[in-house]
Amino acid sequence: MHAKNPFDAAIKKDWYTQGFNAVPLYLGLTGYSGIVMKKQLGYGYSSFLYHYQNRYGEMSYLNSDLARLWGIIKKKISERPEYLRQIRERYMFGIKKNNTFYLTLIPARLAACSDDELIRIFRVCCKAQVDSVGAAHLVEIIGTEVEKEFRHKLLKAVGRSADWNMIYTSLSTPVQQSFLAREESELRRVRTDTQLAAHVQKYFWLQNSYEGPVQLSKRFFERRRKHRPAEKLSYAEVINKKNTLIRRFALDRDLRSLIQIIDFTSQWQDERKENILRGIGYLGIVVHELAKRSKVSEELIEQLGTHEALTLRSIHQLVGMRRTLGIRIRGSYFFFDGTREYIVSGRQHDRMLVRMTKRHQKVAAYDIHGSIANGGSAVGRAVICKGLASLKNVRKGDIIIASMTRPEFMPALKKAAAVVTDEGGITCHAAIVSRELNIPCIVGTKIATRVFHDGDIVDVRANHGIVRRV
C-alpha cells in the first residue's frame, strides 16, 4: 500500500491532538466512530491522524472539522432543542444491546467455541467498541467549540469582574457525579464481602485505558474501601450556585442554552467514557483467548488496524500478519481519509516522526496560557505524564502535566496539587475531576507537555489561566 502521498498531505494540515496511553486496536476502534457517525447522523469527521510509540498514542482531529461540525450541531439544536437528548437515547439503545452481548463472554465459553466462532465474536466485540462511542463522538465537537462561544458571551453579560473565574467555573460545572465519584460513593457504602464481590463485578473495568484492560482484584477494591475518602463536592450546592448566578446576572436565553449544553455534554462524555472502558474490558477477554489459540501474542494483536480488526476472517490470516504487526510495535502512523486506512511503520514511521518532531520544536514559551477548568494556585514539581509508568512518579504536591487525563490517572490526581493539560475544554475529564477534587486545573494549553520537563518547578495560577516555570 503506497501511503506516502496521503501522509505528506495530512501532516501539513492544522490538527487538534489528544494524547493517551494507547495501542492501535483499542484507540483506533473507538476513534473510528467519528467516521461511521456519518451514516447515523448524516454528518461526521473527514479524517483522523494517529501516532503510536511505546504504548502511547496521539489522536488528531482536523480543526476545520471541529468548527464545521459545531456549526451543523448548533443549527440542529436551535431547530430542535431536544436534538442532543434524542441522539443520546439512540446511542444508549445500542449500548444496552452490547451490554447484553457482553454477558455471554464467559472465558470458559470462549475456550470451548470453534476457531471460526471465536473470530466472529472478536469482530462483534470490535464493532461494539466502535459503538461504545458511536454518535456520541459529537461530544468532542461540542466540548472544544462551545467553550469559545460560552466564554465570549459570558464576558459580555457579566464583565471581567473580580469574581469572574468563580462565575465561569460555577456555571460550567456538571450537576451530576462522574462515574469515578459514583463508584467511590458506592464503595463507601459496601459493608459485607458479598457486597464487595458485587462491586468488583460491576466495576472490574475501572482502570482500563486505550492501552488495554487492567485486571482488578477484590483486594484492589478492599484496600480502597478501608480509606473511604470523603466526597469533596456537593452537587446540591453546585445546582444552587448555578441557579443563583443565572438569576443574579439575568442571563439571556442563549447563555442559558449554552449552560444546559455544557452540562448535558459533560455528563454524556463521562457516560461515554464508562462505556468505552467497559467495552475494552470485554474485548480484552476475547483478545486473550485469541492470543492463546493463535499463538500470536496479545501485544501483537493490539497492533491491528481498525479495518484489519473489523474484517479479520481467520486465525490463519492473523498468524500471517505476525511479522507486519511486530514491526508496528516500534512505532506507527495511521491515517483515515474517510474511506481508507493507511498505515506506515518501520523506516517510513521514523522519517515521519522526524518531520513531525521538527514541527513541534518550533513551539517555545515562558508563560503558558490555557482555559480555567478550576480556580486556585499551586507551586510544585512538574511530572510529565505520557504513560501509566509515569503516573508512579507522582508524589504528594506535584503538578501533573499531561496531554489529557483519563480515569486511569485517578490515583495520581488525588496526590497532585494541580493539573495542566495540552488539550481539552470545560467538559473534559481533567476539568470534571479537578472540580470534584477541588484542585487548580488549566486545560487547553496546547504545548505544556512539550515546554516543561520532569522536575521543573512550576507555578500554576489557575485563576488567570497561566502556568510558568519558576
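The following questions and answers examine selected terms applied to this predicted model.

Q: Why is helix 2 called oblique to helix 14?
A: Helix 2 (residues 24–31) and helix 14 (residues 253–294) pack at an angle of about 135°, with their axes 11 Å apart. Angles over 145 degrees count as roughly antiparallel and those of 65 to 115 as roughly perpendicular, the rest being oblique. Helix 2 is therefore oblique to helix 14. The crossing of helix 2 and helix 14 is right-handed.

Q: What makes the contact between Arg278 and Glu274 a salt bridge?
A: The closest N and O atoms of Arg278 and Glu274 are 3.0 Å apart. The criterion asks for a side-chain nitrogen of Lys or Arg within 4 Å of a carboxyl oxygen of Asp or Glu, so the pair qualifies. Both Arg278 and Glu274 are buried.

Q: Why are Arg278 and Glu274 separated by about one helical turn?
A: Arg278 and Glu274 are four residues apart in helix 14, and therefore about one helical turn separates them.

Q: Why is Glu289 called buried and Arg293 partly exposed?
A: Buried means under 20% relative accessible area, and partly exposed lies between that and the exposed class, which is over 50%. Glu289 has a relative accessible area of 8%, so Glu289 is buried. Arg293 has 23%, so Arg293 is partly exposed. The side chains of Arg293 and Glu289 meet in a salt bridge, at 3.1 Å from N to O.

Q: How do you know that Arg469 and Asp456 link distant parts of the chain, and what joins them?
A: Arg469 forms a salt bridge with Asp456, with the closest N and O atoms 3.1 Å apart. Arg469 belongs to strand 13 (residues 466–469), whereas Asp456 lies in the loop between helix 23 (448–451) and strand 12; the two are 13 residues apart.

Q: Why does Asp456 count as buried while Arg469 is partly exposed?
A: The relative accessibility of Asp456 is 15%, so Asp456 counts as buried, the limit being under 20%. Arg469 has a relative accessible area of 26% and is therefore partly exposed.

Q: Why does Ile457 count as partly exposed?
A: Ile457 has 39% relative accessibility, so Ile457 counts as partly exposed, a class bounded by the buried limit of under 20% and the exposed limit of over 50%. Ile457 lies in strand 12 (residues 457–461). Together with Val379 and Val470, Ile457 forms a nonpolar patch on the surface, with about 290 Å² of accessible area together.

Key: Residues numbered from 1 in each chain as written. Predicted model: local features only at pLDDT ≥ 70, side-chain atom pairs only at ≥ 80, totals over all residues. Heavy atoms only, no water. Patch = residues over 30% accessible without salt bridge, like charges linked within 9 Å, V, L, I, M, F, W, Y side chains within 5 Å. Areas by Shrake-Rupley, 256 points an atom, 1.4 Å probe, with all protein chains shown as cover. Buried < 20%, exposed > 50% of the residue type's maximum accessible area, 1.4 Å probe, protein only. Axes fitted to C-alpha atoms, helices over the stretch in contact; angles between N-to-C directions. Parallel < 35°, antiparallel > 145°, perpendicular 65-115°, else oblique. Left-handed = near helix turned anticlockwise from the far one by under 90°.
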